[in-house]
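Thanks for making the time this morning. I would like to walk you through one structure, beginning with its surface and then moving to its interior.

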Amino acid sequence: MTGDLGGRIGRLVGSEVRSLRPLHAGCIAEVARVDLADGRVLVAKRSRGLDLTLEAFMLGELRRLSPLPVPDVMAPEPDLLLLAYVEHDPGGLDGAAQRH
């Protein structure tokens, strides 16, 4: 993720960006971990042409209608989606989880 993305993220969430680190992503977006000066950790997803506001809406509906652990949407923009970072097990999914 390049350009003035750090500045843009900082303006959207009200805190200076300390670091942006790429995360593994799919083919429709660039994804990065964002560490903020106020201690929060976010995920920034920058679109490669698709409108991300629909994804933000769907995440909100999942949060509202299901018990699934869904990250908070911090800033929904057409080309940039900021989400709360969700800690995870870096070991990956086991066979039972993959089948589920």
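Let me begin with the largest pocket, which holds about 480 Å³ of space, and let me say at once that what you see is a predicted model. Which residues line this largest pocket? Leu23, His24, Val31, Val43, Lys45, Glu55, Pro71, Leu83, Ala84, Tyr85, Val86 and His88 do. By class, the lining divides into 8 nonpolar, 2 polar and 2 charged residues. Two elements that supply at least two residues each to this lining are strand 3, residues 41–47, and strand 5, residues 80–84.

One of the lining residues, tyrosine 85, also takes part in a contact with a charged side chain, in that arginine 33 lies over the face of the tyrosine 85 ring, at 4.8 Å from the ring centre. As for rings with rings, the description of an aromatic pair rests on the distance of the centres and the angle of the planes. With centres required to lie within 6.5 Å, the count of aromatic pairs here comes to 0.

Let me step back to the overall layout before going inside. The protein chain has 3 helices and 5 strands, and, read from the N terminus, these elements run α-β-β-β-α-β-β-α. Of the 100 residues in the protein chain, 31% are buried.

Now to the interior. How many residues make up the largest nonpolar core? There are 11 in all, namely Leu5, Ile9, Val13, Val17, Val34, Leu36, Leu42, Ala44, Ala75, Leu80 and Leu82. Helix 1, which spans 5–13, strand 2, which spans 29–36, strand 3 and strand 5 each supply at least two residues of this core, and the largest share, 3 residues, comes from helix 1. Strand 3 and strand 5 thus appear in both accounts, each giving at least two residues to the pocket lining and at least two to the core.

I would like to finish with four individual positions, taken from the interior outwards. Leucine 42, one of the core residues, is found in strand 3, and it counts as buried because its relative accessibility is 1%, where the cut-off is under 20%. Its partner across the chain in this comparison is valine 86, a residue of the pocket lining; leucine 42 and valine 86 are 44 residues apart in sequence and 8.3 Å apart in space, C-alpha to C-alpha.

Leucine 52 sits in the loop between strand 3 and helix 2, the latter being residues 53–65. Is leucine 52 buried or exposed? At 2% relative accessibility, leucine 52 counts as buried. Its C-alpha atom is separated by 6.7 Å from that of leucine 80, although the two are 28 residues apart along the chain.

Leucine 80 turns up again with arginine 8, which has its place in helix 1: arginine 8 and leucine 80 are 72 residues apart in sequence and 9.7 Å apart in space, again C-alpha to C-alpha. Arginine 8 itself counts as partly exposed, because its relative accessibility of 23% falls between the cut-offs of 20% and 50%.

Finally, proline 22 lies in strand 1, residues 17–22, and it counts as exposed because its relative accessibility is 70%, where exposed means over 50%. The C-alpha atoms of proline 22 and alanine 32, 10 residues apart along the chain, are separated by 4.1 Å.

Key
Residues numbered from 1 in each chain as written. Predicted model: local features only at pLDDT ≥ 70, side-chain atom pairs only at ≥ 80, totals over all residues. Heavy atoms only, no water. Phe/Tyr/Trp six-rings, centres within 6.5 Å; stacked < 30°, edge-to-face > 60°. Lys NZ or Arg CZ within 6 Å of the ring centre and 35° of its normal. 1 Å grid on protein atoms, 1.4 Å probe; cavity = no way out; pocket = protein on both sides within 12 Å on 5 of 7 lines; lining within 4 Å. Points joined across faces, edges and corners; volume = space filled by probe spheres on them. Nonpolar A, V, L, I, M, F, W, Y, C, P; charged D, E, K, R; others polar. Core = buried A, V, L, I, M, F, W, Y, C linked by side-chain atoms within 4.5 Å. Buried < 20%, exposed > 50% of the residue type's maximum accessible area, 1.4 Å probe, protein only.
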